[in-house]
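Work through the exercises below with the structure open beside you, and try each task before reading its solution.

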Amino acid sequence: MSTPYLTHNINATAYKRKPAPYKLSVILILLLSYMSSTVSFSQVISGVISSSDGESIPFASIYIKELTTGTTSNAEGDYSVVLPKGISHLAIQALGYAKIELEVNMQGGDIQKNIVLKTQDYQIKEVRVFSGNEDPSYGIMRKTISLAPYFLRQVKHYRATVYLKGGFDMNKVPGLFRRQLKDEGIEEGKTYVAESLNELTFNSPNQFVHKQISKRSTIPNNGEDEVLSFLNYSFYDSESELAISPVSRKAFSFYDFRYEGFFEQGEYFVNKIKVTPKRKNQKLFEGYIYIVDNLWNIHSVDLVNEQFLGKIHIKQVQEQVKEKVWLPVSYQFKVFVDKLGFNVSGNYGGSVKYNEVDLDYDLPLPKTLEESYARAEMDKKIAEEMESARPLTSTQEKIESLLEKDDINNREMLKLSRLMEKENQKRELAETGLRLKSRDSLYQFVKDTISPDSINWNKYRPIPLSKKEIQSFGIRDSLTLAMAGLTEDSIAKQKHTSKFVKIITKSFTGTTYYSSDKKFRLRYYGLINPNAFTFNSVDALTYSQKVNARYYLNNGMQLDLYPRLKYSFGRHDLMWTTRFKIDTEYIHRTRFFVEGGQWSSDFNSETGISPFVNMASSLLLKDNYMKLYLNNYLWLSGARDLANGLRLEVGVKYRNMEKLKNSTNYSFGYHEKNYSPNNQLSNRNWDSHFQNQRAFEIETKLVYTPKYFYRIEGDKKKMVSSNYPTFSIMYIGATNAAFNTQSRFHMAEIGVKQNVEWNLMYNINYNARAGYYFNNTSMHFSQFTHFNTAEVPISFKDWNNSFNLLHDYQYSTNKWFAEAHISYSMPYLLIKNLPFLQDKLWNENLYFGHLSVPSFKNYNEIGYGISQIFLVANVGVFAGFNDFDFYRWGVRVSINLP
């Protein structure tokens, strides 16, 4: 559930771009005209915000009550606020400093005023909510957690004008990536910045319209949008998959809290609570959260989330913008990266002007809160509302009974939170069966409706640019430069790469072309890409090229074309494949494939060894694990949902499978050693299965997932999730009664699999299948059932469903098989309990696999692994047992590929 809080919904990448409505340009022109007229009759108050010892305070919060507008100082502590003529009240605060309020009377001229903030003094008092001798913070947090579902839905509608500004300093780039990043427009020692003017509209429960009026950026590819995912996060949301909030109903399982006093702010007392994760994890925060006493809502947060590559620091200050509503008026989002030779510091901030804020008066307001609002505000109208309160439902009576307690335990807190969630969900729009609301209707993003060049940014920029940001934009406006203490000579001229150089660069590294209407996309992978060159003992050196083309039709159909070429220097053979895919309609996800070509293929086409790993082992160790055959084929297939969660796949394939032999004995070393034969397996007399053969194959598969939730987004149906396993039944067979073919076999397979997650940190994955060949009269080795094995110690495989100690191809079968896998992932189990490893953002994993085939019955494999090392590596140790007798053990390394 998304929150109606502004700072949680500015991530433009979450929205689907839609064309502006016909009248949108008129609306935006009127909006800009209104802003221009306001500015023309306004003056500016500006200066520097600093501490008592003279140090500037970056990103201090400034809130103008009359305008319901919040903004911040910049990274150097400078502020600049446009005010209308007359009296305005400003509230200036920064976390760790005492808030001050100014009354400013603008009478026709600009005002220069420096502001000094004093260090905040915190007092310790006997708080009303406590439990025995435990720290008082736990009582405060229980109340806040219990009421979070209410605060999540408190606002029915708002409209706000938002100015966003941010970017990053590329302080250091490792030499290995320096050239590549420079080609992409990013250089060491430079600052990259973006600013935008936006209008955001929210309607309960979770519909947003984000109109980007204008934006200008020096960030290549506007990539700064991706760094804003944390700003789309609500601290009141217990169900968010991004992180576990300190006010989530799960918080007590993951956090320790400590009360550090309070400070007085107007008629309110604000409690300061230190938040400490019980264990290091990328889903957790550390820092401080501030809770308004007796109201139990968030006043502000100062929290750090630690990821592998660096830290994300979030500061957010809220103000009572209307009646009972506290909304964020300023925020700061900072990123620090200092790993793997990179040193990057980034920040984002914004200025918010709430033009409209409407409460949801139909939302049941707990009486405890109602009385607190009345006492705090001395509002007669609210007191009158209390007297005429409507009768309570049974659920509301239970809520009030728990809220009246000054001291609630953890069990009562969870019960109260669930009751609040249940009561509020009754009012929200009901979902139709298993169909969830489309994100297209929830999030709308209209981009750059006004050209950046047509806007005088000095008029609308409430957060002054820093010196580095001015230099990044290359601004040469004399007034702006003078205010920042710069001259035109200090602004570096931007270097423009010639069109010819860009074409040459893209031809080598690859590029993507979009038509003007975005209906056609062509992606070229480049003359030199990581997969262009491979090496194996059969083909020797190979060089390949590929292109992807996609076209969207007006009726919702989608066409995809995937041609590939590969040349074998060892066999002197040019190979090719082409795949054509068409999506004809989205409700039943109807899809057809046509694919054909001639390609040197792995006998284990689904889970075989990586070509890159095989190339490395061949050239360095002269071990050729991969076995290949020449596949000449034509494949026709289709898939369709017979019902929601029930999908049928059908395909027919004609293949002419030809035997291939090693064409080279080259390697970097071991010249006296020969590669193993391509068509032989030790201890297996399967020579007949490697001979040339033609086949006409039929495959059908039925997959069923009960109660599978989905969304309709634009012209696509997207399956979301289910709490039930996925069941499958499959038939594969070949007949020799058509097209002069030789293959003849029939095989049936059943399977079940599921991935279960809870608490965002713990995961169980299981997968089981069994199959039987009713006929295996004539079969090619590629038609056997192969298993996900990992004979080579280093791979790119997922260990959840693999056998890491079995040799490749040795246990393939054409008779019968049964296999099962289960894995369990958690943040702490064994070695991460050691003191020097507790701060590592790794996961610990347990693995179990079972395999039975005619030649190798009752094989069991257990393993223990550490995952997410340096974000990409996994290390594990495994042991295998045959009929409970020890078989072998080994260490494996896996690399996670995106």
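Helices here are DSSP runs of H or I with at least four residues, numbered from the N terminus. The model is a predicted one.

**Exercise 1. Find which residues of helix 14 are buried, what they pack against, and what phi Lys622 takes just after this helix.**

Solution. Begin by locating helix 14, which covers residues 611-621. Next, apply the cut-off for burial, which is under 20% relative accessible area; the buried residues of the helix are then Val613, Asn614, Met615, Ser617, Ser618 and Leu619. Looking outward from these buried residues, one finds that they pack against strand 24 and strand 37, the latter at residues 794-795. Finally, step just past the end of helix 14 to Lys622, which takes a positive phi of about 60°.

**Exercise 2. Describe how strand 15 is enclosed and how it pairs with strand 14 and strand 16.**

Solution. Strand 15 runs over residues 285-292, and because six of its eight residues are buried, it is largely enclosed by the rest of the structure. On pairing, take strand 14 (residues 268-277) to begin with: it joins strand 15 in the antiparallel sense over six bridges, and Val275 has Gly287 of strand 15 as its bridge partner. Then turn to strand 16 (residues 298-306), which also pairs with strand 15 in the antiparallel sense, over seven bridges; here Ile291 has Ile298 of strand 16 as its bridge partner. Strand 15 and strand 16 form a hairpin with five residues between them, and Asn294 in the turn has a positive phi of about 75°.

**Exercise 3. Identify the residues with the most contacts inside the largest nonpolar core, and the helix that gives the most to this core.**

Solution. The largest nonpolar core has 70 residues, and those with the most contacts inside it are Met141, Tyr255, Phe257 and Ile289. Helix 2, residues 137-152, gives the most to this core, with nine residues. To see the surroundings of one of these residues, select Phe257: leaving aside residues up to four places away in sequence, its contacts include Tyr138, Met141, Ile273 and Val275. A second, separate core has 41 residues, among them Met575, Ala734, Trp799 and Leu806.

**Exercise 4. Which helix gives the largest share of the nonpolar surface patch, and where does Leu527 lie?**

Solution. The patch, which includes Phe500, Ile504, Leu527 and Phe569, has about 810 Å² of accessible area together. Its largest share, four residues, comes from helix 13 (residues 499-509). Leu527 lies in the loop between strand 23 (520-524) and strand 24 (533-536), and because its relative accessibility is 31%, Leu527 counts as partly exposed.

Notes
Residues numbered from 1 in each chain as written. Predicted model: local features only at pLDDT ≥ 70, side-chain atom pairs only at ≥ 80, totals over all residues. Heavy atoms only, no water. Core = buried A, V, L, I, M, F, W, Y, C linked by side-chain atoms within 4.5 Å. Buried < 20%, exposed > 50% of the residue type's maximum accessible area, 1.4 Å probe, protein only. Helix = DSSP H or I, 4+ residues; strand = E, 2+ residues; numbered from the N terminus. Contact = heavy atoms within 4.5 Å. Patch = residues over 30% accessible without salt bridge, like charges linked within 9 Å, V, L, I, M, F, W, Y side chains within 5 Å. Areas by Shrake-Rupley, 256 points an atom, 1.4 Å probe, with all protein chains shown as cover. Salt bridge = Lys/Arg side-chain N within 4 Å of Asp/Glu carboxyl O. Pairing = 2+ DSSP bridges.
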